[in-house]
Structure formats: C-alpha cells, structure tokens
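Dear colleague,

I am handing over the structure below, and I would be glad if you could look through it with the notes that follow.

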Amino acid sequence: MSNIIAAIVLGSSKITGIVGTKEIDGTIRVKSHVSQTSSDFIGKGRVLNVEKMANCLVGIKSQLEEMASCKIKCYYVAVNCLGLRSTINEVSKHFPDSELVTDEFLTSIAVQNREGKPNGREILDAIPLEYRLGSKATTVTHEPKGMQTDHIHAKFLNIICNSNTIATIKSCFRKAGMELAGGRLHIGVQHLASVVTTEQERTTGCVVVDMGSETTTVAVYRGKLLQHLVVIPLGSNSITHDIENVFYVERDEAEQLKRNYGYPTSDKEDDKEEFSLRDGGRTKKYSELANIIDARVEEIVQNVKHQIELSQLGHEKIVNGIYLCGGGAQMTNIISAFKNHFEGWNVRIIKNATRLAIACAERNFNEMGNFNTALGLIDNAEINCYGGEYQGIFSDDEVAIEEVTETNAEEEARLAEEARLAEEAARREAEEAAAEAARIKAEEEANKQKGGKFGSMLKSFSKKLADLVKDDDV
C-alpha cells in the first residue's frame, strides 16, 4: 500500500491542498497540489456559506485525486479562524498514599482537563506545559511517568475555538464526502511553525506571526512548546478596505495602491507628490495614502506586541525574535513597522519552508510560501491517507458509500440535523459579520463628517479588538 498523505488548509482568501509522500530521507515529494479562491464563502477563517464551501471541497478532492492518480480516504485539515486562542487550565489530584504515575494515570488527567472546557467552545489541542508533584508541588517536570507522588498538579495550554465554527467546518467536509484524518482539525500555525523554525529555535524562544488576508495569528514558543496563541481579527485586507473606503475606489485599485506603495518609511512620510486615481479625474497626495496604510499597519503591529506581552515572556526569553509569514508579510517595508516597535529584536520575513526538502515537478512550486502550512501537515502526519487506485470521477466506491449511508436512516437523520445546525450557525455568523462591517463603516462616515483624522477612527476600533479576540461570538 502506498504511503500517501493529503492535506488541506482553510484560509480566508484561498483553500490550498496537497497530496504527497514523505521519503525515507525526509524529502516531501509532492504528487498533486491545488489552490482555490475562498473569499466569497469564508470570512476571517469561518465558513459563511456551507453549500459553496462543500462544492469547493468536492472540486479540490477531484483535482487532487486525478493529479495524484489515487483515491484519498481521509485528509489532514488545518484552520486559523477567528476565535481560535489559547487558555490555561489546571488540574489537581490528591491520593492518600504515594502512587506510581502511569500512562493510564496521565490519560485520566488529560480527560479531566478536556471535561473542563468552556461552554460553547471546542478544545482542538491540549498541551501539557508542566506537572508539579508532591504536596508542596516542589518537583516540576514535563515527563512525570514512572515517578512516585501523592499529589499531582497539571498545567495545560488548551487551544479552543467556537463550537459552532468547528461544527460548520466538519459539516462541510461531510457534505463533500471527505473524512478528516483522525476525526479532528489541526491548528494551522503549529504546522507552519514546524517548517519555518527549528526545534532549537522554539526551545530557546521565538514568535511566529502569520499575517493573512483577514486575520493575523500570533504563536509564542518557549521550551519547545507553544506558550500562547491567538488569532487577531485584522489582516492585509484591512488595509485594502481602508484605502477603498477613504479614497472611494474599487477594491482592485485599492489593492494595487497598497502593493505599489507598501508601509511608509521615514523618507516617504513627507512626500508631497501626487498620484492620479483611475476614476473621476481625481488626484491624491502620497502622504494621504501613507497615513492610511501607516494607521492600520501600526494597529496590527501593536496588537501583535500586546499578545506577546500577554504571554509573559519578554525579549530575554524569546531570544530568536519574530518570524513573519503569510501574504501580509510580503508587503513592502512591513519589517520596518515591526522593528519600530520591537527595538533590539531579531525580526525576519520567512517565505519558504526552509527546514524541508521538497521535490515537485513544478519548478516554482511554493515560491511565495503559500503551501507552507500544508507541507507542515504532511511532514507531521502519521496516518496513511491512501484510499486505493484512482478509477476516474465516477467510481463504484462512491455509489457504494451512498448506498450504505442510505441503509442507516437514524445516522442519516443525525447527520442532516448536524448539517442544518451548522448551516444555521454559519448564517448567524455571516449576519453578525455583516452587521459589524456596517457598524464600522457608519463610524467611518461619521468620523469623516466630523472632520476627524482617519487614525483616530482606527484607534477607537482597536480598543474593541481585545473583546473580539476573547469573545468570538461577537
């Protein structure tokens, strides 16, 4: 049986998928890959339209299988959606007499940790940060197995997300007839970090900042382990929207202005030159564009800095600094914005999965790092996704699956109800997102009428970000 791994990463601008193998020498051999636009049915990493999402997945599945010339039985799937964040949970157990810590013992503690999840939240991963043994908790270890103790206090970093968000994503894969490897979703930034940083760098401390189109993910590492994670509801598209709304231009022109100009450096801030807009015979000063871009980028960077501070790990413990990844990190001069706020820190932009050896027939594959997270999924995979020989688009296997499903009326009804609830949750989230967008736009218009500066509007909106991060139902 061929050892095939299939990986899909859900993003707000694109869904990427890869089928490949991991050779004995560690090389990842890419057999097929695909990228599909997702901006019309995914917003801030959340599914807004179940039907469109499911149809897109069906198309991706078909393309991956056809190009790889094999059937895929399951897929590793990674998410980086709004509402994804880390939280600390502690579990204690006391015994009358000293007992040996066994695998079963540790499993029971892990189960107890998951039982304490917040209402309306799903735990996607639970990372044991430390175990304290003894009545006075004086012995601290990461590997308590085999030790004797009458008391154990475990500290977990739980990665949680809105339950409706997770249910909606899983519903889309069921509708598309695609099984999740291990029945679970993976945290995208963890796999991204595994291919853009080394274990040594994560051990001595580093921060991975994944700047996407609609969100920015911050992951802080120390002692090999993830110590803090949060998804900030701001990305490179936020800058585009600001230019679009202030200059009253089409989205594509706003995007081009952002790409051409980039983050303003000190020598451009006083630039009085003008440029022409496409429609209406209008001209604008470069300084006006600089102020718009500067305000939003500053807000993103300041929120990243705030999250690093919340990890309670300072510069002296994060010795390897900050690694900038994602499409937003490709913006001209973006590194200057971070260096302005992280004086003395090592800040670098990472495009490719530098730690991996990759073999692909396409010469320019992953040139901009679009498949880094998917490659990380393949590199860390343990389940063989091979589903048999490829027999074309219309195979007997698909008919058989449909017939088996129809014989189980109770199971069919359960799945249908789950799909209905997921679609309802997606509809509510879409309405909430539209209402929030309308509210922000109304604030912008009111701010203009009052003659206030654009930056002041961003400052007021920034104060609400902490609540958005902590309460992902907003």
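A residue to begin with is Y248, which sits in the loop that joins α6 (236–247) to α7 (251–261). Please keep in mind that this is a predicted model. Most residues other than glycine have a negative phi. In Y248, however, phi is near 55 degrees, a positive value although the residue is not glycine. Y248 also counts as exposed, since its relative accessibility is 52%.

A second residue with a positive phi is N366, where the angle is near 60 degrees and the residue is again other than glycine. N366 belongs to the loop between β20 (358–359) and α10 (372–380). With a relative accessible area of 7%, N366 is buried, whereas Y248 is exposed.

I then turned to the cysteines. How many disulfides does the structure hold? The number is zero, and the case of C161 shows how a pair can miss the cut-off: the closest cysteine sulfur to that of C161 belongs to C81 and lies 3.5 Å away, which is too far for a bond, because a disulfide requires two cysteine sulfur atoms within 2.5 Å. C385 is likewise in no disulfide, and the nearest cysteine sulfur to it, that of C74, is at 3.8 Å. As for their surroundings, C161 is buried with a relative accessible area of 0%, and C385 is buried as well, with a value of 0%.

With kind regards

Note on methods: Residues are numbered from 1 along each chain as its sequence is written. This is a predicted model: local features need pLDDT of at least 70, side-chain atom pairs count only at pLDDT 80 or more; totals for chains, interfaces and linings use all residues. Side-chain values use heavy atoms; hydrogens and water are left out. Helices (H or I, at least four residues) and strands (E, at least two) are DSSP runs, numbered from the N terminus. Buried means under 20% relative accessible area, exposed over 50%, partly exposed in between (1.4 Å probe, protein chains only).
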